[in-house]
Amino acid sequence: VQLQAYGGGLVQAGGSLRLSCAAAGRPYFMGWFRQVQGKEREFVATTSWSGRTTSYADSVKGRFTISVENAKSTVHLQMNSLKPEDTAVYYCAGRRSVVLSTTLGGYDYWGQGTLVTVSS
């Protein structure tokens, strides 16, 4: 499984950005994590490819939406109402198991990161 994340950039606080992750191979779950330099990588959101099972970190609920585009084997993370504290490198990840996980160790495949910078 190969994952390629893209779509990061610079945006002002209150703005929106959409990240995408193209997957070659279909792990059961696809997730997004983020990492600030010097801190641990943290869970953001996850979805099954059917889109029926999703989960979000409390810090992004109501602002971020994860979705799948099956025809393109791509998972999107729509980020609205962005805050400076959302600034991080965002990573997409894949999980083989059919059991949902929000932990770092629960994911088997990782893409490269894409940087999101939210200016105040």
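Where is Ser81 found? Ser81 sits in the loop between strand 8 and strand 9. Keep in mind that what you're looking at is a predicted model. Below is a quick tour of its disulfide, two serines with an unusual backbone angle, and a surface patch.

**The disulfide**
- Cys21 and Cys92 pair up as a disulfide, with 2.2 Å between their sulfur atoms.
- The count of disulfides comes to one.
- Cys21 belongs to strand 3 (residues 17-24) and Cys92 to strand 9, so the pair ties together parts that lie 71 residues apart in sequence.
- Turn about the S-S bond of Cys21 and Cys92 and you'll find a torsion of about 55 degrees, so this disulfide is right-handed.
- Buried or exposed, what are Cys21 and Cys92? Both are buried.

**Two serines with positive phi**
- Most residues other than glycine have a negative phi.
- Ser73 goes the other way: its phi is positive, about 50 degrees, though it isn't a glycine.
- You'll spot Ser73 in the loop between strand 7 (64-69) and strand 8 (74-79).
- Ser81, back in the loop between strand 8 and strand 9, also isn't a glycine and has a positive phi, near 50 degrees.
- Ser81 has a relative accessible area of 42%, so it counts as partly exposed.

**A nonpolar patch on the surface**
- Tyr28, Val98 and Val99 make a nonpolar surface patch of about 290 Å².
- To find Val99, look in the loop between strand 9 (88-95) and strand 10 (109-110).

Methods: Residues are numbered from 1 along each chain as its sequence is written. This is a predicted model: local features need pLDDT of at least 70, side-chain atom pairs count only at pLDDT 80 or more; totals for chains, interfaces and linings use all residues. Side-chain values use heavy atoms; hydrogens and water are left out. Patches are made of residues with over 30% relative accessible area and no salt bridge: like charges are joined within 9 Å, nonpolar side chains (Val, Leu, Ile, Met, Phe, Trp, Tyr) within 5 Å. Accessible areas come from the Shrake-Rupley method with a 1.4 Å probe; for residues, only the protein chains shown count as cover. A salt bridge is a side-chain nitrogen of Lys or Arg within 4 Å of a carboxyl oxygen of Asp or Glu. Helices (H or I, at least four residues) and strands (E, at least two) are DSSP runs, numbered from the N terminus. A disulfide is a pair of cysteine sulfur atoms within 2.5 Å. Buried means under 20% relative accessible area, exposed over 50%, partly exposed in between (1.4 Å probe, protein chains only).
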